[in-house]
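Welcome, and please open the model in your viewer. We will move from one selection to the next, and at each stop you can check what is there.

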Amino acid sequence: MAEAFIEIDQAYVDEILPRRQPDADKDAFGRVLCVCGSAGYTGAAYFAVQGAVRMGSGVVTLATPERAWPVLAVKLNEPVVRPMPCDADGMLSREALPVLTALAARADAMLIGCGLGRSDAVTEIVCSLLQSANCPVVLDADGINALSAHKDVLRQTAQPVVLTPHAAEFARLSGIQQPNTEELSAFAQENHCILLYKSHRTRIFAPDGTMYRNHSGNPGMAKGGSGDVLAGMLVSLCGQGIAPVQAACAAAWLHGRAGDAAANRLSEYGMTPGDMLCELPGLLKRYNTREW
């Protein structure tokens with residue numbers, strides 16, 4: 001029996017992304033909080049917040065350990081970059097949790113995980129932010145790893161949670177190596193989450209059992225930082241009020257198309273995640289309020 005996927009294409013994405021109102025201000029396009037980065041892993045945070053900026057968020061705030069802050073504050077112009085208390089290894093410490101909770105309370109969507117590293121304090125922060133969230137949450141990379149022994153937290157959240165694992169991250173989280181479609185869908189349904197499973201053909205699994213498949217993208221995207229760009233794009237769309245399942249589908253397709261455009265211009269060998277960020281605005285021109 002054929003698997004019943006909804007195939008994501010340009011027409012599908014066109015139905016999701018609205019044109020902007022001429023009298024809109026920055027609050028109309030969402031305030032997103034990205035809890036990302038650590039000492040030595042500033043690139044992940046950079047690509048995530050730039051993905052959110054390029055996808056059109058009104059305000060992007062990066063909360064990052066104070067040992068990573070000097071690097072990121074110099075590199076980033078558009079986002080607000082907030083230094084957070086950290087431990088001797090340059091990862092978030094427990095003292096950061098009250099500040100992060102206050103920032104999260106003002107966010108329209110939140111991304112947790114890109115480059116955070118792994119520690120008991122990071123695990124506690126991830127679980128606490130999930131349990132108290134009042135907005136959609138995207139969990140990527142170390143945000144997913146932090147839940148490997150705490151999957152029950154997913155069932156305790158009042159807001160939608162989108163997980164964006166690759167194969168190794170999903171294996172750590174679920175204990176399933178090389179999962180099939182039925183196992184991926186069952187995980188999303190049992191844990192009441194949206195699962196964006198990154199692979200050659202990225203698939204999205206909704207908690208109601210609906211399944212989506214993306215066909216854009218190429219092997220040149222298999223480079224560190226590419227997934228961080230996707231996570232930032234996804235949280236941006238959630239913050240703009242797009243339903244998380246649809247946001248996941250649109251972000252996956254646009255991310256792949258940006259990769260295809262970069263490969264066509266620069267080659268699969270030579271393209272970088274930064275090149276994908278540069279290609280994204282051209283893909284979004286079709287949603288302008290009018291031609292200029």
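**Stop 1: leucine 103**

Start by selecting leucine 103, which sits in helix H4, residues 97–104. Keep in mind as you look that this is a predicted model. Is leucine 103 buried or exposed? Its relative accessibility is 8%, so leucine 103 counts as buried, the cut-off being under 20%. Now show what surrounds this side chain: setting aside residues up to four places away in sequence, leucine 103 touches Leu33, Ala63, Arg82 and Met84. For a sense of scale, draw a distance from leucine 103 to tyrosine 212; their C-alpha atoms are separated by 33 Å, with their positions 109 residues apart along the chain.

**Stop 2: the whole protein**

Zoom out and colour by secondary structure. You should find 11 helices and 10 strands. Along the principal axes, the C-alpha trace spans about 50 × 45 × 40 Å. Why can the protein be described as agreeing with a compact globule? For 292 residues such a globule would have a radius of gyration near 19 Å, and the protein has 18 Å, which agrees.

If your viewer can colour by accessibility, try that next: 56% of the 292 residues count as buried. The accessible surface comes to about 12700 Å², and carbon and sulfur atoms account for 50% of that area. Colouring by charge brings up 24 positive and 30 negative charges, whose mean positions are 5 Å apart. As for how the chain meets itself, take the contacts between residues at least 6 apart in sequence: 68% of these join residues at least 24 apart.

**Stop 3: isoleucine 8**

Go to strand E1, residues 5–8, and select isoleucine 8. With a relative accessibility of 3%, isoleucine 8 counts as buried. Which residue, 206 places away in sequence, has its C-alpha 5.2 Å from that of isoleucine 8? Select asparagine 214 to see the pair. Asn214 is also one of the contacts of isoleucine 8 beyond four places in sequence, and others among them are Val13, Ile204, Tyr212, Cys249 and Trp253.

**Stop 4: serine 38 and glycine 115**

Next, find the loop between strand E2 (31–35) and helix H2 (42–54), and pick out serine 38. Serine 38 has a relative accessible area of 2%, so it is buried. Show its contacts beyond four places in sequence: Thr64, Pro65, Ala68, Gly90, Met91, Gly115, Leu116 and Gly117.

One of those contacts, Gly115, is worth selecting in turn. Glycine 115 lies in the loop between E5 and helix H5 (120–132), and at 10% relative accessibility it counts as buried. Beyond four places in sequence, glycine 115 is in contact with Gly37, Ser38, Tyr41, Ala44 and Asp142. How many residues separate glycine 115 from aspartate 142 in sequence? They are 27 apart, while their C-alpha atoms are 6.6 Å apart in space.

**Stop 5: helix H2**

Follow the chain into H2, a helix of 13 residues. From first C-alpha to last, H2 reaches 18 Å, close to the 18 Å expected at 1.5 Å a residue. Its buried residues include Ala44, Phe47, Val49 and Gly51. Which elements cover the buried residues of H2? Among them are E2, strand E3 (59–65), helix H3 (69–75), helix H9 (226–239) and helix H11 (273–284). Just after H2, stop at glycine 56, which takes a positive phi of about 110°.

**Stop 6: two positive phi angles outside glycine**

Alanine 141 is in the loop between strand E6 (137–139) and helix H6 (142–145). Its phi is positive, about 50°, although alanine 141 is not a glycine. At 14% relative accessibility, alanine 141 counts as buried. Then move to the loop between helix H8 (181–190) and strand E8 (194–197), where histidine 192 is placed. Histidine 192 is not a glycine either, yet it has a positive phi of about 55°.

**Stop 7: leucine 254**

Finish in helix H10, residues 244–266, at leucine 254. This residue counts as buried, at 1% relative accessibility. Show its contacts beyond four places in sequence, including Val13, Leu17, Met55, Met233 and Leu280. As a last distance, join leucine 254 to asparagine 77: their C-alpha atoms are separated by 24 Å, and they are 177 residues apart along the chain.

Technical notes
Residues numbered from 1 in each chain as written. Predicted model: local features only at pLDDT ≥ 70, side-chain atom pairs only at ≥ 80, totals over all residues. Heavy atoms only, no water. Helix = DSSP H or I, 4+ residues; strand = E, 2+ residues; numbered from the N terminus. Buried < 20%, exposed > 50% of the residue type's maximum accessible area, 1.4 Å probe, protein only. Contact = heavy atoms within 4.5 Å. Expected span 1.5 Å × (residues − 1). Rg over C-alpha atoms; globule rule 2.2 N^0.38 Å. Areas by Shrake-Rupley, 256 points an atom, 1.4 Å probe, with all protein chains shown as cover. Lys, Arg positive; Asp, Glu negative; His and termini not counted. Charge placed at Lys NZ, Arg CZ, Asp CG, Glu CD.
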